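Biologist: I have a model open and would like to know what stands behind the words we use for it. Could you take me through them?

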Amino acid sequence: MKVLDTTKNFLAIEEKYSLIENSQVAIVSAPYEHTVSYGGGTKYAPKEILGASAYVEFYDDEFDRELCFDIGIAAVKPIKFEKKHGVEALDMIYDQVAELLKMDKFVVTLGGEHSISTAPIKAHFEKYPNMSILHFDAHSDLRDEYENSKYSHASFMARVAEFFPTERITQVGIRAQCKEEADFIKKKKINTYYASAIRRGKHGSNWQKKVVKTLGEEVYVTFDVDYFDPAMMPATGTPEPDGFLYSETLDVFRELIAAGKKIVGFDVVELAPMDNLSHPNLTTARLIYKILNFAFSGK
Ligand SMILES: [Mn+2]
């Protein structure tokens, strides 16, 4: 499998830490964008995230280590979708993630729009049949279809719910959905932590711990950056007010690790890079490296 070279890979690390055979982590770039409903640009996200990652420090003070040199991180060459979309595009992502999982890599998938997440979730679910899904997002993405597409970014979780046990899905930060989605959540017993309920204190001061309690031992994370407050993350297609900040979000991962639970893989989607505004790209790159630090905290 071909990887990006030192100038273009994650953290811009030298070859011996970023060849596929030397790396425990593989980063998949899925620059897929087909069903934009508001602002566009997610197809540029993987390249911009990798570019910004060159400015992320290797050292993490919380873990007192330079994780990248301990585990190795390979960035695989981006998937070329050309004219392919819908199921065909998802199959391409699935094949690459499944192949890397077979090689025992920890896989991180970069979107693209949120519809891509169905593919890595399916591949991880086959390897980790007991896993839970932890879904950060402003939207629940449970519309059966949106703008005549079953594979819209607004329907991705509805597709996941067709093959994944819904009571094992936990959503955090939701603040924009239609009634059909709210009804579906109740009927299918999805654990949804609405932004307003968190802010109103409905889940107490340590809401992060409550979120973690709903999860099993193995956790797959799907992270839509529009979960964050638009003040810190304006670079996304459908920004919604009343979002979350960085540190309170990391506390979810801290509770997860404290509870002895394990992150088995993750994806980060919906970054739509903006001209002349670099901090959203850097924030996303830092988030990815930080989640890796949590995922490998015990190793
Ligand atoms: Mn969203």
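**From a strand pair to a sheet**

Modeller: Gladly! Let's start with β1 and β4, which run parallel and are joined by three bridges. Please keep in mind that this is a predicted model.

Biologist: What makes β1 and β4 a pair?

Modeller: Two strands count as paired if DSSP finds at least two bridges between them. β1 and β4 have three bridges, so the criterion of at least two is met. In one of these bridges, I27 has A75 of β4 as its partner.

Biologist: And how do you know that β1 pairs with β5?

Modeller: By the bridges again: six of them link β1 and β5, in the parallel sense. A30, for instance, has G111 in β5 as its bridge partner.

Biologist: Why is β1 called mostly covered?

Modeller: A residue is called buried if 20 or more other C-beta atoms lie within 10 Å of its own. In β1 (residues 25-30), six of six residues are buried, so "mostly covered" is a fair description of this strand. The cover is found on both faces: V25, I27 and S29 are buried on one side, and A26, V28 and A30 on the other.

Biologist: In what order do the strands of the open sheet follow one another?

Modeller: The order is β4-β1-β5-β10-β9-β6-β7-β8, eight strands with parallel pairing.

Biologist: What makes β4 and β8 edge strands?

Modeller: Each of β4 (73-75) and β8 has a single partner strand, so one side of each lacks a neighbour in the sheet. On average, neighbouring strands here are turned by 15° against each other, ignoring direction.

Biologist: Which pair would you show me further along the sheet?

Modeller: β9 (residues 218-224) and β10 (residues 262-269), which pair in parallel over seven bridges. There, T222 stands opposite D267 of β10. Helix α4 (residues 118-127) packs on the sheet and touches β5, β6, β9 and β10. The direction of α4 makes about 165° with that of β10.

Biologist: Now α6: how do you know that its buried residues line one face of the helix?

Modeller: The buried residues in α6 (residues 179-187) are E181, F184 and I185. Seen down the helix axis, the buried residues of α6 fall within an arc of 100°, so they line one face. What covers them includes β8 (191-194).

Biologist: Which exposed residues does the face of α6 turned away from the buried side carry?

Modeller: K179, E180, D183, K186 and K187. Just after α6 comes K189, with a positive phi of about 55°.

How values were computed:
Residues numbered from 1 in each chain as written. Predicted model: local features only at pLDDT ≥ 70, side-chain atom pairs only at ≥ 80, totals over all residues. Buried ≥ 20, exposed ≤ 12 C-beta atoms within 10 Å, placed from the backbone. Helix = DSSP H or I, 4+ residues; strand = E, 2+ residues; numbered from the N terminus. Arc of directions from axis to C-beta. Contact = placed C-beta atoms within 7 Å. Axes fitted to C-alpha atoms, helices over the stretch in contact; angles between N-to-C directions.
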